[in-house]
Amino acid sequence: GSTFPSGTVSFALDGTAVATGTLLAGSPSTANVTISIPSAGPHVLTAIYSGDSSYGTSTSAPVTLTVAKGATVTTVTATPPALSAASAETLTATIAPFNAVTGTIYTITGTVSFYDGGSTLLGTATITSNVATLSGTTLADNVSHSITAIYSGDTNWLASSSVALPLTATTLPDSVVL
């Protein structure tokens, strides 16, 4: 009666041990751990108490956690940043978590489609290290363009679209002969 449980509690995620915490005596006694969830979707978490000289071992009922896909932010840049005659553009989309945690490494996969004016597909690129690059894109330099990057999403991350990047038409010198 007057002794609180002591020992450790091991936590298993989807049947694999992921963390162990020391039991903090009290009413109730608790153990706190931080675990990383490997992917979006349903996961099963269980806790296993080690027992001590006064209390036997026990296992919790399984708890199902459903992890939502993370929101993303897509940004697009162009190199060179201004249209020029006879110069191809390199379009780069960077995809990042909407609520990134400093020091955490995120792996975002999938593809990015680049559009001009919201409807003309310029090309699609695969994401590597959270960046997709479409090189050698030739755009008419005598009209303005509006470039948008649309991330497709993957098993862990939601799709997102960039804000349109304006590329203004170049003005070439002309001469009038009378």
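## Strand pairing and a few local spots in an all-strand model

Tyr 151 stands opposite Ser 160 in S12. That pairing is a good way into this predicted model, in which local features need pLDDT of at least 70, side-chain atom pairs count only at pLDDT 80 or more, and totals for chains, interfaces and linings use all residues. Residues are numbered from 1 along each chain as its sequence is written, and side-chain values use heavy atoms, with hydrogens and water left out.

**Around strand S11**

S11 and S12 run antiparallel and are joined by 2 bridges; two strands count as paired if DSSP finds at least two bridges between them. Strands themselves are DSSP runs of E with at least two residues, helices are runs of H or I with at least four, and both are numbered from the N terminus. S11 also has other partners. With S8 it shares 5 bridges, again antiparallel, and with strand S13 (residues 165-167) it pairs in the antiparallel sense over 3 bridges. At the residue level, Ile 150 in S11 is the bridge partner of Ser 113, while Ser 146 faces Pro 166 in S13.

How enclosed is S11 by the rest of the structure? Largely so, because 5 of its 7 residues are buried. Here buried means under 20% relative accessible area, exposed means over 50%, and partly exposed is in between (1.4 Å probe, protein chains only).

**The chain as a whole**

Zooming out, the protein chain has 0 helices and 13 strands. Its radius of gyration is 27 Å, well over the 16 Å that the globule rule gives for 178 residues, so the chain is more spread out than a compact globule. That radius is taken over C-alpha atoms, and the rule is 2.2 Å times the number of residues to the power 0.38. The C-alpha atoms fill a box of roughly 110 × 25 × 20 Å along the principal axes.

Of the 178 residues, 30% count as buried. About 10600 Å² of the chain is exposed, with carbon and sulfur atoms supplying 59% of it; the areas come from the Shrake-Rupley method with a 1.4 Å probe, and for residues only the protein chains shown count as cover. As for contacts (heavy atoms within 4.5 Å), 52% of those between residues at least 6 apart in sequence join residues at least 24 apart.

**One aromatic pair**

A search of the whole structure turns up 1 aromatic pair. The ring centres of Tyr 106 and Trp 157 are 5.8 Å apart and the planes sit at 75°, so the pair is edge-to-face. For the cut-offs, rings of Phe, Tyr and Trp (its six-membered ring) pair if their centres lie within 6.5 Å; planes under 30 degrees apart are stacked, over 60 edge-to-face, and the rest tilted. The two partners come from distant parts of the chain, 51 residues apart: Tyr 106 is in the loop between strand S7 (89-97) and strand S8 (111-116), and Trp 157 is in the loop between strand S11 (145-151) and strand S12 (160-161). Trp 157 is buried, at a relative accessible area of 11%.

**His 43 and its contacts**

His 43 belongs to strand S3 (residues 41-49) and is buried, with a relative accessible area of 4%. What does its side chain make a polar contact with? The side chain of Asp 14, at 2.6 Å. A polar contact is a pair of N or O atoms within 3.5 Å; within protein, one must be able to donate a hydrogen and the other to accept it, and residues adjacent in sequence count only if both atoms are side-chain atoms. The backbone oxygen of Ser 39 is also 2.7 Å from a polar atom of the His 43 side chain. Leaving out residues up to four places away in sequence, His 43 touches several others, including Leu 13, Ile 37, Val 63 and Val 67.

**From Thr 126 into the next loop**

Thr 126 is in strand S9 (residues 120-126) and is exposed, with a relative accessible area of 55%. Beyond its neighbours within four places in sequence, Thr 126 contacts Gly 110, Thr 111, Val 131 and Ala 132. Two residues in the loop between S9 and strand S10 (131-137) deserve a look, one of them Ser 129 and another Asn 130.

| Residue | Phi (positive, not glycine) | Relative accessible area |
|---|---|---|
| Ser 129 | near 55° | 67%, exposed |
| Asn 130 | near 70° | 17%, buried |

**Cis peptide bonds**

A cis peptide bond joins Ser 27 and Pro 28, with omega about 10°; Pro 28 is in the loop between strand S2 (16-22) and S3. Another joins Thr 79 and Pro 80, with omega about 0°, and Pro 80 is in the loop between strand S6 (72-79) and S7.
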